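Notebook open, structure loaded. I want to go through the cysteines, then the strands, then the odd backbone angles.

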Amino acid sequence: MALGKSRLTFLLMLAFCGVCFGAVYRVGDSNGWTSRGLVDYNEWASTKNLHVNDTLIFTYNNQFHNVMQVTNQDFESCNPTSPVAVYTSGSDTITLERPGNFYFMCGAPGHCQAGQRVEITATLPTPDDSFASPSPTPYGSSPSASHSAVLSPSSALSTSPALHFSKLGLGVT
């Protein structure tokens, strides 16, 4: 009986860790962040259930692309002149630190107009999300429906294995 309670406690802790630590999503899945028309980023984002503390990873060739966080107005007009933040490492991680809408685009000439932009909506996680949502796709894989997220920047993705918690799961990448 004590062993059963220990297992239950462990499973509940894992479920709540998924809510607390967030999931990791690669924007554009295996295609990454590109202007070649391979990904409809807003369609991609619409298949995700993004929450506060989730992390987005933008991977791209930094000789040709960047990631700019912009206002809604600048997003709608593809205006890169007043970004909120600019990321240029080629492997940028951005953690959503608050609920709301976040707007990202490539600032290279013509790339936003070609569709290299994405609107992300982050919501507050609920305990039900840990039990009802499918686990997000691990970083580097490419299913048809994975999750994504955005806000607080840190522009250097470590090459060492990273431990992350996802909805009812624990992964090493």
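**The cysteine without a partner**

I started with cysteine 106, whose sulfur sits 8.6 Å from the closest cysteine sulfur, the one in cysteine 112, so that is too far for a bond. A disulfide would need the two sulfur atoms within 2.5 Å. I also looked up how covered cysteine 106 is: its relative accessible area is 1%, so I noted it as buried. Reminder to self: this is a predicted model.

**The disulfide**

How many disulfides does a search of the whole structure find? I got one. It joins cysteine 78 to cysteine 112, with an S to S distance of 2.1 Å. I checked the handedness next: the angle about the S-S bond is -70°, and the link between cysteine 78 and cysteine 112 is left-handed.

Which parts does the pair tie together? Cysteine 78 is in the loop between H3 and E4, while cysteine 112 is in the loop between strand E6 (100-105) and strand E7 (117-122), so the bond links parts 34 residues apart in sequence. Are the two cysteines buried or exposed? I have both cysteine 78 and cysteine 112 down as buried.

**Cysteine 78 again, for its backbone**

I came back to cysteine 78 for its phi, which is positive at about 55° even though the residue is not a glycine. Its loop runs between helix H3 (72-77) and strand E4 (85-87). For the burial I wrote down the number too: cysteine 78 has 11% relative accessibility, so it falls under the 20% cut-off and counts as buried.

**Asparagine 53, another positive phi**

Asparagine 53 is not a glycine either, yet I read a positive phi of about 80° there. Where is asparagine 53? I found it in the loop between helix H2 (41-46) and strand E2 (55-59). Its relative accessible area is 31%, so I logged asparagine 53 as partly exposed.

**The four-strand sheet**

I then traced the sheet. It is open, has four strands in the order E4-E3-E6-E7, and the pairing is antiparallel. Which strands are at the edges? E4 and E7 are, as each pairs on one side only. I also took the twist: neighbouring strands in this sheet are turned by 25° against each other on average, with direction ignored.

At the E4 end, I counted three bridges between E4 and strand E3 (residues 67-70), which run antiparallel. One residue pair I wrote down from there is valine 67 with its bridge partner tyrosine 87 in E4.

**E6 against E7**

At the other end, E6 and E7 pair in the antiparallel sense over six bridges. I picked tyrosine 103 and looked up its bridge partner in E7, which is glutamate 119.

Phenylalanine 102 is in strand E6. With 1% relative accessibility, phenylalanine 102 counts as buried. I pulled a C-alpha distance as well: phenylalanine 102 and glutamate 119 are 17 residues apart along the chain, but their C-alpha atoms are separated by 5.8 Å.

**Two faces of E7**

Last lookup: which residues of E7 are on the covered face, and which on the uncovered one? I listed Val118, Ile120 and Ala122 as covered, with Arg117, Glu119 and Thr121 on the uncovered face. The background for that reading is that side chains in a regular strand alternate between the two faces of the sheet. Glu119, on the uncovered face of E7, is the glutamate I had already met as the bridge partner of tyrosine 103.

Technical notes:
Residues are numbered from 1 along each chain as its sequence is written. This is a predicted model: local features need pLDDT of at least 70, side-chain atom pairs count only at pLDDT 80 or more; totals for chains, interfaces and linings use all residues. Side-chain values use heavy atoms; hydrogens and water are left out. Buried means under 20% relative accessible area, exposed over 50%, partly exposed in between (1.4 Å probe, protein chains only). Two strands pair if DSSP finds at least two bridges between them. Axes are lines fitted to C-alpha atoms, for helices over the stretch in contact, and angles run from 0 to 180 degrees between N-to-C directions.
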